[in-house]
Amino acid sequence: MLNDNLTLLLAIAAGVLCVLGLQGLSHPKTARRGNACAMAGMALAVGLALLHPTMQAYGWVLAGLAAGAAVGIPLARKTPLTSLPQLVAVFHSLVGLAAALVALGMYLQKLAFGLMEPKLAVEMGLGAAIGLITLTGSILAALKLQGVVSGKPWGWWGRHYLNLGLGVGIVLSIGWFVLTFSPIALALIFAMSLILGWTLVAPIGGADMPVVVSMLNSYSGWAAAATGFAVESPLLIMVGALVGVSGAILSYVMCHAMQRSFISVILGGFGNAEDTAASASATPAKAAALAGTEDVAYVLGEAERVIIVPGYGMAVAQAQHAVKALTAQLLARGVEVRFAIHPVAGRMPGHMNVLLAEADIPYDLVEELEDVNPRFTEADVALILGANDVVNPAAQTEKSSPIYGMPVLEAWHAKRVFVVKRSHRPGYAGIENPLFTLPNAALVLGDAKDVVEKIGTALKAG
């Protein structure tokens, strides 16, 4: 066993490693180092927990670690990058479930020995409430991301009153639990928190989903911190608070980048199903021009400046390596190539950055929205790979659109615009995109990887 001073020193070291992990994850160049630091910090934290003087049931703990490794390692290896957001959401739900189960287990133990006290009841109530909101919210987010349920906002009258009532009810139930330690009060906390997690995420549409994933990450951190107070673990409090604060800051930054109200997104997103439908049908659909891969190759071969806009379609097709090969061809021909990244492209924060980094696309070619938008007017070609909502001009022109006011990549300013899509269907937010019918735009229908490879072959053949 370790003495108290050494334990405290190692706990601080674990916390510092987690901070270094968060710092490293702020940029693709340092992401691997950040992951290594974070993993080392968590390994040290687990080791300290196993060496705690009160630890006795090593068999159960080791069995749990073995079961987790048996499920987690194959899952991590087999999950494609396109499904990473769903996997992250599921992980958040497990953190929330763990916090609720710890609260329940401690309640049963302390109640049996007459050791319940108001301070502990507050910590249990908060941990259970935040954890269960995270649980059901994360499950619904994963189902939306997977396409099992619709990604459109689920709007219904009075939802804000329902959420407010559930929130007030949870607070009152925690107060009742603190005063009486009643199992009925704890059951009400569990029930209302489970419902509130679902009703908070249900109205949030696809365009806001990266913010939701980030915010659920924050919730899971706060649930862990509350659990840390309950089990008197300073290390768990520290790590939970780091996750909670970093997730909240990332969510706020993303909302600021989208010119969205942080509170309005978290309390129900923007738009609802009816608004989206109305926006989609407000103007008659026009026929979009179609182009073949040889047409795109010819135009690219004559271009001097090209901007590539990666989207979820590129992720689904696993086309990032084909994009890297095409980029190398263009650079070899003396073409200036840039990649335009939108803050919410894909299904989670940094989704496109991860894909481009995986294909070893040079970081100096990747630019964010505010830097790349002025470049579109100088670009000969904008090649859009599966992006839809983040290049929709309706965000600037149609006040009735659910995405009105959201900054978008102004790809329509390029001389020629080619949009690689599987079909004519609208994007994840369910909104029609007038860009596709502009005179300088054309659709290239097909799988992004197949299309990009054919463009590269045609470009090589001259």
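1. Before we look at strands, a quick bit of vocabulary: two strands pair if DSSP finds at least two bridges between them. Helices (H or I, at least four residues) and strands (E, at least two) are DSSP runs, numbered from the N terminus. With that in hand, look at Val306, which stands opposite Val337 in strand 2.

2. Some ground rules. This is a predicted model, where local features need pLDDT of at least 70 and side-chain atom pairs count only at pLDDT 80 or more, while totals for chains, interfaces and linings use all residues. Residues are numbered from 1 along each chain as its sequence is written, and side-chain values use heavy atoms, with hydrogens and water left out.

3. Now the whole chain. You'll find 18 helices and six strands in it. The C-alpha trace spans about 80 × 50 × 35 Å along its principal axes. Of the 462 residues, 47% are buried (under 20% relative accessible area, with a 1.4 Å probe and protein chains only).

4. How are the six strands ordered in the open sheet? The order is 3-2-1-4-5-6, with parallel pairing. At the edges sit strand 3 (366–368) and strand 6 (441–445), each pairing on one side only. As a reminder from the textbook, strands of a sheet pair through backbone hydrogen bonds, either parallel or antiparallel.

5. Strand 2 deserves a closer look. Strand 1 pairs with strand 2 in the parallel sense over four bridges, and strand 2 (residues 336–341) pairs with strand 3, also parallel, over three bridges. On the strand 3 side, Ala340 stands opposite Glu367 and Ile341 stands opposite Glu368. Why is strand 2 largely enclosed by the rest of the structure? Because five of its six residues are buried.

6. Next, find helix 14 (residues 320–332), which lies across strand 1 (305–310), strand 2 and strand 4 (381–385). Helix 14 runs at about 145 degrees to strand 2. Such angles run from 0 to 180 degrees between N-to-C directions, and axes are lines fitted to C-alpha atoms, for helices over the stretch in contact. Contact means heavy atoms within 4.5 Å.

7. Finally, a helix pair. The axes of helix 5 (residues 118–146) and helix 7 (residues 183–201) come within 7 Å and cross at roughly 35 degrees. Residues of helix 5, including Gly125, Ala128 and Leu132, meet residues of helix 7, among them Ile189, Phe190 and Trp198.

Key. Buried < 20%, exposed > 50% of the residue type's maximum accessible area, 1.4 Å probe, protein only.
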